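Got your viewer open? Load the model and keep the selection box handy, and we'll go stop by stop.

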Amino acid sequence: MRAHEAGALHGDFGHQGPSWLRTPADVNELMTPLWPRTATKDDAGVLRVGGRDVTSLAEEFGTPAYVLDEEDFRARCRDFKQGFAGADVYYAGKAFLCRAIVRILVEEEMNLDVCSGGELRTALAAGMDPARIALHGNNKSVRELTRAVENGVGRIVVDSFDEIERLSAIARERGVRPRVMIRVTVGVEAHTHEFIATAHEDQKFGFSLAGGKAFEAARLILEQDTLELRGLHSHIGSQIFDTSGFEVSARRILTLQERIRTELGAELPELDLGGGFGIAYTSQDTPSPAADLAERMFKIVADECRGLELAQPHLSVEPGRAIVGPSTFTLYEVGTVKPLDGLRTYVSVDGGMSDNIRTALYDASYSATLASRASQAEPILARVVGKHCEAGDVVVKDEFLPADVRPGDLIAVPGTGAYCRSMASNYNHVPRPPVVAVRDGQARVIVRRETEDDLLALDVG
């Protein structure tokens, strides 16, 4: 289903909600696959995470607030590290990044993928070893590339011929030889499993495989001595729940690697198959454990290399959403409740599209629960909406909430760790919420709440 051009409110959802949404037997029960691992509800129906209840968190830090289960985040890092043992795991910082997250990544011995000067500066400021950083981006500036080279970033994923020229000049001037990988557009778009050779090469990222540009990029780099070509990189999409897309991608990119060996005499030692591993936002989503993904992807690469008589390259993957997404939920306070006869009840909260644009932008689906008390009322079909002056300001399109939901209640929306804070805005001059990390009964702010004074500080008029 595609998003309606007039906004999420106008999408074709039906009067009774989507077909996969079922009336719950117990409207108070948590659907555990959607929530951080320490999340539970106590006997009073209050949501608890990391040893803290959300009512005390709301009192201390206010709402809306992103609440991150630090133990869950760390456990998911370990899942990928252990599952992909023998490979390199790069946390995709674009999902959510701040200095506290970088410090956790350092402690968990993770690598980090960044795609802007700001993300790179955050990583360096928090003590990430530059050798463990990869820099992405389709239009890296001279300033960003210079910072990467001067700080010894471990690898730069080159994305255009202009960038190769730009980076070569910087390297030559400084007498260094940066390690690079070539981002290859392999013609695989995993959202819809359309594995067509050229249809998905009409995009801004990478060098075309079918058009021969990726091979020419390899030739250009190998013919000069300013850059060290380590391997090839591909990324086929997001919210991927199986490995069939990776199989097609690996076959195509390794075929290119075999051609580079045969025609250019270089056997590249590394291969990065990207990220995009899916998470459960609602009951319709069934993500695979990291260990299962790893087993299948290692087999895919081994089988393809065997068929092409290639030495098996060192594999890298880049999970972001799959680590931080489920570790975090957003806590809101209900402000108004509007029942619409024969349709649904609109539950307005004190945040909205400024803290979660994904529903309006991507037609994304989310779940929600009444988090501050138990209810004996029957379930009703509700739509959780925000406070912004926009008809499409929808947080949760369809969910069953108790019929007695009322102003002052706390509502929690799971799965908001990835991209929600990263893509947050100040629409309607609404300050962005804080990120609060909880662990072992302790809570700390890792990104503070913005204030109206912050907004005015940027307004120099």
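Is E309 buried or exposed? This is a predicted model, and in it E309 is exposed because its relative accessible area is 67%, where over 50% is what counts as exposed. Select E309 and you land in the loop between α9 and β13 (314-317). While you are there, check the backbone: phi of E309 is near 55°, a positive value in a residue that isn't glycine. That deserves a glance, because most residues other than glycine have a negative phi, and most peptide bonds are trans.

**More backbone oddities**

Next, pick E109. Here too phi is positive, about 60°, and again the residue is not a glycine. E109 sits in the loop between α3 (99-107) and β6 (111-114).

Now jump to T63 and P64. The peptide bond that joins T63 and P64 is cis, with omega at about -10°. P64 belongs to the loop between α1 (54-61) and β4 (65-69).

**Strands**

Go back to β6 and show its side chains. N111 and D113 point one way, L112 and V114 point the other way, and all of them are buried. Add strand β5 (residues 88-92) to the selection: β5 and β6 pair in the parallel sense over three bridges. To see one of the bridge partners, take Y90 and look across to N111 in β6.

For an antiparallel case, select β1, β2 and β3. These three strands form an open sheet in the order β1-β2-β3, with antiparallel pairing. β1 (40-41) and β3 (52-53) stand at the edges with a single partner strand each, so one side of each has no neighbour in the sheet. Strand β2 (residues 47-49) is joined to β1 by two bridges, and R48 in β2 is the bridge partner of T40. If you are drawing hydrogen bonds, look along the backbone: strands of a sheet pair through backbone hydrogen bonds, either parallel or antiparallel.

Then move on to strand β18 (residues 394-402). β18 is mostly covered, with nine of its nine residues buried. Bring in strand β17 (residues 379-385) as well: β17 and β18 pair in the antiparallel sense over six bridges. One spot to zoom in on is V385, whose bridge partner in β18 is V394.

**Two residues with company**

Which residues does R444 touch, leaving out those up to four places away in sequence? Select R444 in strand β21 (residues 442-447), then expand the selection to its contacts: E70, A100, I104, V435, V436 and A437. Zoom in on the side chains of R444 and E70, which make a polar contact at 3.2 Å. For a long-range pair, draw a C-alpha to C-alpha distance from R444 to V67: they are 377 residues apart in sequence and 9.9 Å apart in space. R444 counts as partly exposed because its relative accessible area is 40%, which falls between the 20% and 50% cut-offs.

Compare that with T243, in the loop between β11 (228-233) and α8 (244-264). T243 counts as buried because its relative accessibility is 9%, under the 20% limit. Leaving out residues up to four places away in sequence, T243 touches L293, R296, M297 and I300.

**Empty space**

Last, switch on a surface. Rolling a probe the size of a water molecule over the atoms shows where empty space is left.

Where is the second largest pocket centred? Select P33, R76, P287, S288 and P326, the closest to its centre of the 27 residues that line it. About 430 Å³ of space lies in this second largest pocket. The elements that give two or more residues to its lining are α2 (70-83) and α9 (290-308), and the largest share, three residues, comes from α2. Colour the lining by class and the second largest pocket divides into 18 nonpolar, five polar and four charged residues.

How many cavities of 30 Å³ or more are there? The count comes to one cavity of 30 Å³ or more. The largest cavity holds about 40 Å³ of space. To find the largest cavity, select its lining: Y66, L68, F96, T328, T416, G417, R421 and V435. By class, that lining has four nonpolar, three polar and one charged residues. You have already come across V435, among the residues that R444 touches.

How values were computed
Residues numbered from 1 in each chain as written. Predicted model: local features only at pLDDT ≥ 70, side-chain atom pairs only at ≥ 80, totals over all residues. Heavy atoms only, no water. Buried < 20%, exposed > 50% of the residue type's maximum accessible area, 1.4 Å probe, protein only. Helix = DSSP H or I, 4+ residues; strand = E, 2+ residues; numbered from the N terminus. Pairing = 2+ DSSP bridges. Contact = heavy atoms within 4.5 Å. Polar contact = N/O pair within 3.5 Å; in protein donor to acceptor, adjacent residues only side chain to side chain. 1 Å grid on protein atoms, 1.4 Å probe; cavity = no way out; pocket = protein on both sides within 12 Å on 5 of 7 lines; lining within 4 Å. Points joined across faces, edges and corners; volume = space filled by probe spheres on them. Nonpolar A, V, L, I, M, F, W, Y, C, P; charged D, E, K, R; others polar.
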